Amino acid sequence: ASDVYKRQNNIHELFEYVEGTYSKHYSSANGVQIMDLISASGLGLDFCLGNVLKYASRYGKKDGANRQDLMKIMHYTLLAINEHDLKESSNET
């Protein structure tokens with residue numbers, strides 16, 4: 001099937017974007033991921049969903065129709081999926 005929606009390219013670009021964030025400001029000086037701390041507090045899913053809303057609501061406003069905001073929405077959606085799975089797996093025990 002033809003990839004008229006450029007899914008493979010967009011998924012690859014998202015992967016590269018997400019991987020790149022972990023070498024930037026998303027970890028502390030000692031290498032601890034801030035998301036791990038938020039997740040351990042039990043607020044990970046709410047934090048991720050809040051960020052999805054934040055970046056979705058600012059799309060088109062801050063720096064115009066900013067493609068970076070769309071990447072952030074997808075990144076936080078991936079993190080939210082992980083938080084959902086963690087919550088579900090802890091409910092099973």
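This report describes the fold, surface, salt bridges and selected residues of one protein chain.

## Model and confidence

The structure is a predicted model. The average pLDDT of the protein chain is 88, and 91% of the residues score at least 70. Among the helices, confidence is highest in α3, with a mean of 96, and lowest in α2 (residues 34-40), with a mean of 91. Where pLDDT is low, the predicted coordinates should not be read in detail.

## Overall architecture

The secondary structure of the protein chain consists of four helices and zero strands. Read from the N terminus, the order of elements is α-α-α-α. Helix α1 covers residues 7-21, helix α2 covers residues 34-40, helix α3 covers residues 44-58, and helix α4 covers residues 67-91.

Along the principal axes, the C-alpha atoms of the protein chain fill a box of roughly 45 × 35 × 25 Å. Contacts between parts of the chain that are distant in sequence can also be described by a percentage: of the contacts between residues at least 6 apart in sequence, 57% join residues at least 24 apart.

## Surface and charge

Of the 93 residues in the protein chain, 26% are buried. The chain exposes about 6700 Å², and carbon and sulfur atoms supply 58% of that area.

The protein chain carries 10 positive and 12 negative charges. The mean positions of these two sets of charges are 11 Å apart.

## Salt bridges

The structure contains three salt bridges. One of them joins the side chains of Arg67 and Glu13, with an N to O distance of 2.4 Å. Arg67 belongs to helix α4 and Glu13 to helix α1, so this pair ties together parts that are 54 residues apart in sequence. Both partners are partly exposed: Arg67 has a relative accessibility of 42%, and Glu13 has a relative accessible area of 33%.

A salt bridge also forms between the side chains of Arg58 and Asp69, at 3.0 Å from N to O. Here the link runs between helix α3, which holds Arg58, and helix α4, which holds Asp69, with the two residues 11 apart in sequence. Arg58 and Asp69 are both buried. The remaining salt bridge brings together the side chains of Arg7 and Asp3, at 3.3 Å from N to O. Arg7 is partly exposed, with a relative accessible area of 44%, and Asp3 is likewise partly exposed, at 26%.

## The segment before helix α1

Asp3 is located in the segment before α1. Apart from its neighbours within four places in sequence, Asp3 is in contact with Gln8 and Asn9. Its salt-bridge partner is Arg7.

Lys6 is found in the segment before α1 as well. The relative accessibility of Lys6 is 53%, a value over 50%, and Lys6 therefore counts as exposed. Its backbone is also notable for one angle: Lys6 is not a glycine, yet it has a positive phi of about 55 degrees. Most residues other than glycine have a negative phi.

## Where helices α1 and α4 meet

His75 lies in helix α4. With a relative accessible area of 4%, which is under 20%, His75 is therefore classed as buried. Leaving out residues up to four places away in sequence, His75 touches Leu14, Tyr17, Val18, Thr21 and Tyr22.

Tyr17, one of the residues touched by His75, is found in helix α1. Tyr17 is buried too, with a relative accessible area of 13%. In sequence, Tyr17 and Met71 are 54 residues apart, while in space their C-alpha atoms are 7.3 Å apart. The salt bridge between Arg67 and Glu13 provides a further link between helices α4 and α1.

Key. Residues are numbered from 1 along each chain as its sequence is written. This is a predicted model: local features need pLDDT of at least 70, side-chain atom pairs count only at pLDDT 80 or more; totals for chains, interfaces and linings use all residues. Side-chain values use heavy atoms; hydrogens and water are left out. A salt bridge is a side-chain nitrogen of Lys or Arg within 4 Å of a carboxyl oxygen of Asp or Glu. Buried means under 20% relative accessible area, exposed over 50%, partly exposed in between (1.4 Å probe, protein chains only). Contact means heavy atoms within 4.5 Å. Accessible areas come from the Shrake-Rupley method with a 1.4 Å probe; for residues, only the protein chains shown count as cover. Lys and Arg count as positive and Asp and Glu as negative; His and the chain ends are not counted. The place of a charge is taken as NZ of Lys, CZ of Arg, CG of Asp or CD of Glu. pLDDT is the predictor's confidence in each residue, from 0 to 100.
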